[in-house]
Amino acid sequence: MNGVKSNKDSESSSESPKEEEEQAPIINDEKLLTLLQQLESHSPSIPDGVTEHYLNRAGMNTDDTRIVRLVSLAGQKFLSDILNDAWRLSKLKGSAQTSRSAKNKEKRSLLIVEDVASALSERGITLKRPPYYT
């Protein structure tokens, strides 16, 4: 009555199996279920709004926050791998320079654009600097 279903109305009317499948997909894999539950509570380093903006620019419109957070997590992993590679390259350069000059006892790592550019070039991404920096 009045567009609202009560328990009695839902018991008396049976929905077709096709309508039930469309309402909520059934997931049997435990690992996938735990991943989806973790995505709901996890807040990645890349904010949801930023990820949604770039997903919309790419032509993907979604209201599911789990998908947005999964893409954010993949982007975070990609950036983490690049920065980790750049940091290792920087450490290799630093160890070669400190072996030449043993005077500097304080070891500070500094990440420079050239190290990031070389880490990106390993993945097939070229980084071009503006002409006023050359």
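**Exercise 1.** In this predicted model, determine which residue with positive phi follows H6.

*Solution.* Inspect the backbone after the helix: H6 is followed by glycine 124. The phi of glycine 124 is positive, near 85°.

**Exercise 2.** Establish which residues of H6 are buried and how they are arranged about the helix axis.

*Solution.* Step 1: apply the burial criterion, a relative accessible area under 20%. In H6, the buried residues are Asp115, Val116, Ala119 and Leu120. Step 2: view the helix down its axis; the buried residues fall within an arc of 135°, so they line one face of H6. Step 3: relate this to helix geometry. An α-helix has 3.6 residues a turn, so residues three or four places apart point the same way.

**Exercise 3.** Classify glutamate 114 as buried, partly exposed or exposed, and identify its contacts beyond four places in sequence.

*Solution.* Step 1: locate the residue; glutamate 114 belongs to helix H6, which spans residues 113–122. Step 2: its relative accessible area is 42%. Since partly exposed covers the range between under 20% and over 50%, glutamate 114 is partly exposed. Step 3: with neighbours within four places set aside, glutamate 114 contacts Lys93 and Arg129. Step 4: consider leucine 89 also, which lies 25 residues from glutamate 114 in sequence, with a C-alpha to C-alpha distance of 9.8 Å.

**Exercise 4.** Describe the secondary structure and burial of the protein chain.

*Solution.* Step 1: count the elements; there are six helices and zero strands, in the order α-α-α-α-α-α from the N terminus. Step 2: of the 134 residues, 12% are buried. Step 3: the chain exposes about 11400 Å², of which carbon and sulfur atoms supply 54%.

How values were computed
Residues numbered from 1 in each chain as written. Predicted model: local features only at pLDDT ≥ 70, side-chain atom pairs only at ≥ 80, totals over all residues. Heavy atoms only, no water. Helix = DSSP H or I, 4+ residues; strand = E, 2+ residues; numbered from the N terminus. Buried < 20%, exposed > 50% of the residue type's maximum accessible area, 1.4 Å probe, protein only. Contact = heavy atoms within 4.5 Å. Arc of directions from axis to C-beta. Areas by Shrake-Rupley, 256 points an atom, 1.4 Å probe, with all protein chains shown as cover.
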